[in-house]
Amino acid sequence: MIERLLELKVDALNEIKEVTTLNDLEQIRIKYLGKKGEVILMMSKLRDLPQEERPAFGQQVNLVKNELEQALYDKKQGLEYEELLKVLASEKIDVTLPGTKFYQGTIHPLNQVIEDVEDLFIGMGYEVAEGPELENDHYNFEMMNLAKDHPARAMQDSFYVDENTLLRTHTSPVQARTMLAKKGNPLKIICPGKVYRRDDDDPTHSHQFTQIEGLVIDKNINFASLKDALLKMARHLFGEERVIRLRPSYFPFTEPSVEVDVSYKKKDGSIGWIEVLGAGQVHPNVLTMGGYDPEKYQGFAFGIGVERIAILKYAIDDIRHFYLNDLRFLNQFKGVNK
Ligand code: PHE
């Protein structure tokens, strides 16, 4: 029996030596050391031996098993290494081939404006808040002081999904949501996001556009606080030499309300004005519905049209450029804010 075992060992070692592929090596392992491998089966022969010879034979089988396992392992390493060398040789780089061009993306001009405005306001202690684009009539209109029959609803032609649900027409509902979430505590937020209106199909309007809402509520907030924030923003966006002009206006959620123009120098050297946003002091009704006592708290709010800012900042002639994803257009804005 011992002779048979040693024969098997010699055969196995020879086969391992000769083998040239990992696959064949695995076959050898199965043949000798698999569940029904010949060396493994020798174990079951123990029973045929006299009691006193069994331990010595068992030990021999284990020794052969270990020896073969080591030989299989060594050979496997060798074959894997050879295979690696083959792969490396076949994958040699041909440095004369033309290279692959990598196209680098850029931040969308609208997002650049948003990030720029966020940067400014975060630096002044504001938080960035967000809300859903599919909004309840309640937040979009009623909490903004526009009851169901309010004529000013016509100012913002809406896309309704059902009686109570619409695509938000402005970012102002985030004001209402944040007020309720803050439970009567002072707040300073800006809220960038997409808004939707059934606007005319002309080059300056789109059914979807982008706004940034600003809202501050605290004690002793007055019109000067608003003007200060607006002037800082205008100068941050357009340059330190700019001034702003406030024109009386009307929004149901602010009182008094203003439209804000930013100055620019015309070609002939005179000063011109461009409207960039709407703003005002938060209407007492809006404060009350949001959980603030208008006798103790005041606030200001503003709503910026992001496309409008980008159009002015980068001298763009058609709002639709922003949505077409034409790389020739987008790539012009690489790093313009850096
Ligand atoms: N929500 C207004 C609009 O979309 C803008 C605005 C916001 C005006 C906040 C005043 C205060 O037209």
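By class, how many nonpolar, polar and charged residues does the shell around the ligand have? Let me start there, with the reminder that what we have in front of us is a predicted model. The shell holds eight polar residues, five nonpolar ones and two charged ones. In total, 15 residues surround the ligand, and the closest of them are His170, Ser172, Arg197, Gln211 and Glu213.

Let me go through some of the contacts made by side chains. His170 places a polar side-chain atom 3.0 Å from a nitrogen atom of the ligand, and for Ser172 an N or O atom of the side chain is likewise found 3.0 Å from a ligand nitrogen. With Gln211 the partner on the ligand is an oxygen atom, which lies 2.9 Å from a polar atom of that side chain. On its own the ligand has 330 Å² of accessible area, and the protein covers 92% of this.

As for where this happens, the ligand sits in the largest pocket. Three elements give two or more residues each to the shell, namely strand S6, residues 208-218, strand S9, residues 271-282, and strand S10, residues 298-305. Of the contributions to the shell, the largest share is that of S10, with three residues.

Moving on to salt bridges, the structure holds 20 of them, and I would like to show one, between Asp137 and Lys148, in which the closest N and O atoms are 3.6 Å apart. The two residues are eleven apart in the chain, with Asp137 in helix H6, residues 137-140, and Lys148 in the loop between H6 and strand S3, residues 159-162.

Finally, there are two points of backbone geometry that I would ask you to look at on the screen. Most peptide bonds are trans, and most residues other than glycine have a negative phi. Against that background, the bond joining Glu255 and Pro256 is a cis peptide bond, with omega at about -5 degrees, and Pro256 has its place in strand S8, which spans residues 254-265. The second point is Ala315, a residue other than glycine whose phi is positive, near 50 degrees; Ala315 is found in the loop between helix H10, residues 306-314, and helix H11, residues 327-330.

Notes: Residues are numbered from 1 along each chain as its sequence is written. This is a predicted model: local features need pLDDT of at least 70, side-chain atom pairs count only at pLDDT 80 or more; totals for chains, interfaces and linings use all residues. Side-chain values use heavy atoms; hydrogens and water are left out. A residue is near a molecule or strand if one of its heavy atoms lies within 4 Å of it. A polar contact is a pair of N or O atoms within 3.5 Å; within protein, one must be able to donate a hydrogen and the other to accept it, and residues adjacent in sequence count only if both atoms are side-chain atoms. Accessible areas come from the Shrake-Rupley method with a 1.4 Å probe; for residues, only the protein chains shown count as cover. On a 1 Å grid over the protein atoms alone, a cavity is a set of points where a 1.4 Å probe fits but cannot get out, and a pocket is an open set with protein on both sides within 12 Å along at least five of seven lines; lining residues have an atom within 4 Å of a point. A molecule sits in a cavity or pocket if more than half of its atoms lie within 2 Å of its grid points. Helices (H or I, at least four residues) and strands (E, at least two) are DSSP runs, numbered from the N terminus. Ala, Val, Leu, Ile, Met, Phe, Trp, Tyr, Cys and Pro count as nonpolar, Asp, Glu, Lys and Arg as charged, and the others, Gly among them, as polar. A salt bridge is a side-chain nitrogen of Lys or Arg within 4 Å of a carboxyl oxygen of Asp or Glu.
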